[in-house]
Each structure stands twice: as C-alpha cells, then as structure tokens.
Amino acid sequence: MCHHSFSRVALVLAIIVASVTSDLVAADDNKRSTEPLNQIYDRLTQIHSDLDTIRVYMGRSQHSAAMLNVRDVRARQIYFQSLVLYRISQRFAFDHTRLRADPIGQSAIGYAPILDLANAAHDRLRSVMTLYGMPSQNVVASRQKVVTEVLVFESVVLAIHKLNGLLDERISPSDVFEQVTVGIGYTSRILEQTQPGQVMPETPDFIPDRLPADVYRRLLNCLAITQRIGQQSGLPILELDTKEADVQDVEPGDVLNLASLVVSEIAYIHSLVPNTAPPREVYAVGRKFPAHVYQRVGILERQLERLQSHSQLNPQWLGPASVNDSE
C-alpha cells in the first residue's frame, strides 16, 4: 500500500481493458456455467448489502434505479462492467483511506476473472467499513430464481450506480471521455488492418450545448453500428432495450456504463481480427464537458461507420472464427 494521487490510479483502471490479450477475449467469451455465475451473484449480493449499510451510515439518500435493460448477455459485457465497478471502488476507498490496493492481474475474459474483480471491489468497500467501524452482515443470495448472465450484469450495473452516489466526486464526463478514447484505440487498430491510412476520421464540429443525454444517444448509435457489423459477420452482439423517456435524465455514470458496453463489443471484434496490436495507452485528459465527450464519440461513430462499410463489402473478413463463435 502507498500514498499516490488518485488521478493516475483512476486512469490506469479506466484503460486496464487495453491490456487484455486479444485472443483471450474471443476464446473465453462463450464459456457459460451455472456455478461460477452463482458465486459471482453471491459476492454481488454481499456488495449490495454493504453498499446499503455504507449509504445509511453516511446519511446519503436512497439511490434511483439504474439503466441498461439488456438481452443475450455474455461474459465480456459483464467483465467490462465489472472493471468499472472495481475502478469506482478504488476511487471510493482512496477518498476515505488514502490508500490503494495493488492492481489485480489481467487474464482471459471469463467468469473467474469477473469473480476476481467482484472480490477485489468488495475488499475495497470493506476497507472503508473497517476504517469507520461499520458493521457488516453476511448474506447469501436466494436460490429461488435462476442466476443468469442478465441477472448478474444488471446487479453489477446497479452496484456501480449505488457506489457512484457515495463518491465525494461522482463519475464525470472526463471518465466517459477516457473510456470512449479506449474504444477509439481499439477501432483504430482494427482499421489499421482493414483500411490502412484511414484510421482517424475528421473530428466533428464542437457543439457547446450538449447534455449527457446527447452523448448517450450518440453512444446508442455506436452500439447499433456494432450490432449491424455483428449481423453482417455472424457475431453474437448484445441487444439493448432503451426508451427515450429513460434517456432524457441520464447522468455521467449512466453514460459511462453504456460507453463500457460499447467498448466491450469493439474489443470483441478487435479480438477476432488477425494481427491487431493492442490499443495505445490512454492518458488523463483533465476536465471535460459533455460537449467534449459528444465530439469524441463522434470520432468513434465515424470510425465504426467505416468499419461497417468494410464489413458489408467483406462479410467473411473475420473468417470462420466469427461463425463458430455465434453458435
């Protein structure tokens, strides 16, 4: 343990996805087993119990419901959301203890690493509870309902939402900007293989009066493009149910969840393209407004449109692996 500025710590956790070995993303994405899911859900149930205890102790108001209604969830989507949960738990713990845990090692994207992330996030919460002498009640998840990938995914997203409400400085547009930049890094590497010389499109105009809802809608379009690429290439791409009424009141934390979801899909495509290098390291960006993020998402949007055009003209561009993985 050591004392450090948390801005750098947060950055490392924000871009930790870039260090995941690409072939492992594809290799472990379809591994599904009830027992690991049960273990993850048990840990998340304890996390929710402790978050509620912390909220009451700190005198914070009750959280509202989190967004992201999904279908056909896979390990990769849970994993990338779990990275967000771990990152935010690190920020929360550092706010109070001024200590950070050693980074956890990276491995294949699968249920065991997701459990590792959940355990690590829980340890960070417990460090704060220990500091203030908060009681913790051991709880076990009910087995009256079947634990599914969707249930686990929604539990992770809700935990992020609860924890964000406890932060001294809540998730900001800067966090979203950095995550979008990770997505641009993945897409750039793919375009290096498919359209050399056309990696970075022209930056869209800066529009100063954007809101988080505007960023969210543009990210929804990015996700829709990845879905079309998936359909063209025989890939299993997540489906998201979104109502316009839900979008109007989104906060940066909700936008970060969606940005992480988009990155998980791009990283998956990246893992199936031969000879792709990992994304370059992303550095701290400083204060950003929603307008900056909206512009940044515009770059990613244009990249994905180029990738979709390539996929449409070359439906077998990912080879047999894409077809086999959809089974």
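This section describes the overall make-up of a predicted model and then the surroundings of selected residues.

The protein contains 12 helices and two strands. Read from the N terminus, the order of these elements is α-α-α-β-α-α-α-α-α-β-α-α-α-α. Of the 327 residues in the protein, 56% are buried. When contacts are restricted to residues at least 6 apart in sequence, 91% of them join residues at least 24 apart. The exposed area of the protein is about 14,000 Å², and 50% of this area is supplied by carbon and sulfur atoms.

Two buried residues with polar or charged side chains were examined, Gln81 and Arg55. Gln81 is part of helix α4, which spans residues 75-97. Its relative accessibility is 0%, and Gln81 is therefore classed as buried, the limit for that class being under 20%. Once residues up to four places away in sequence are set aside, Gln81 touches Leu68, Phe153, Val156, Val157, Ile160, Asn257, Ser260 and Leu261.

Arg55 belongs to helix α3, formed by residues 34-58. Although Arg55 is buried, no salt bridge is found for this residue. The nearest side chain of opposite charge is that of Asp52, at 4.5 Å; a salt bridge requires a side-chain nitrogen of Lys or Arg within 4 Å of a carboxyl oxygen of Asp or Glu, so the Asp52 side chain does not qualify as a partner of Arg55. Apart from neighbours within four places in sequence, Arg55 is in contact with Arg60, Ser61, Gln62 and Leu166.

On the surface, a nonpolar patch is formed by Tyr57, Leu131 and Tyr132. Together these residues have about 310 Å² of accessible area. Leu131 is located in helix α5, made up of residues 111-132. The relative accessibility of Leu131 is 46%; because this value lies between the 20% limit for buried and the 50% limit for exposed residues, Leu131 counts as partly exposed.

Contacts of Pro212 were also examined. Pro212 lies in helix α8, which covers residues 212-233. With neighbours within four places in sequence left aside, the residues in contact with Pro212 are Val250, Glu251, Pro252, Val255 and Pro290. Pro212 and Tyr294 are separated by 82 residues in sequence, and the distance between their C-alpha atoms is 8.4 Å.

Terms used: Residues numbered from 1 in each chain as written. Predicted model: local features only at pLDDT ≥ 70, side-chain atom pairs only at ≥ 80, totals over all residues. Heavy atoms only, no water. Helix = DSSP H or I, 4+ residues; strand = E, 2+ residues; numbered from the N terminus. Buried < 20%, exposed > 50% of the residue type's maximum accessible area, 1.4 Å probe, protein only. Lys, Arg positive; Asp, Glu negative; His and termini not counted. Contact = heavy atoms within 4.5 Å. Areas by Shrake-Rupley, 256 points an atom, 1.4 Å probe, with all protein chains shown as cover. Patch = residues over 30% accessible without salt bridge, like charges linked within 9 Å, V, L, I, M, F, W, Y side chains within 5 Å.
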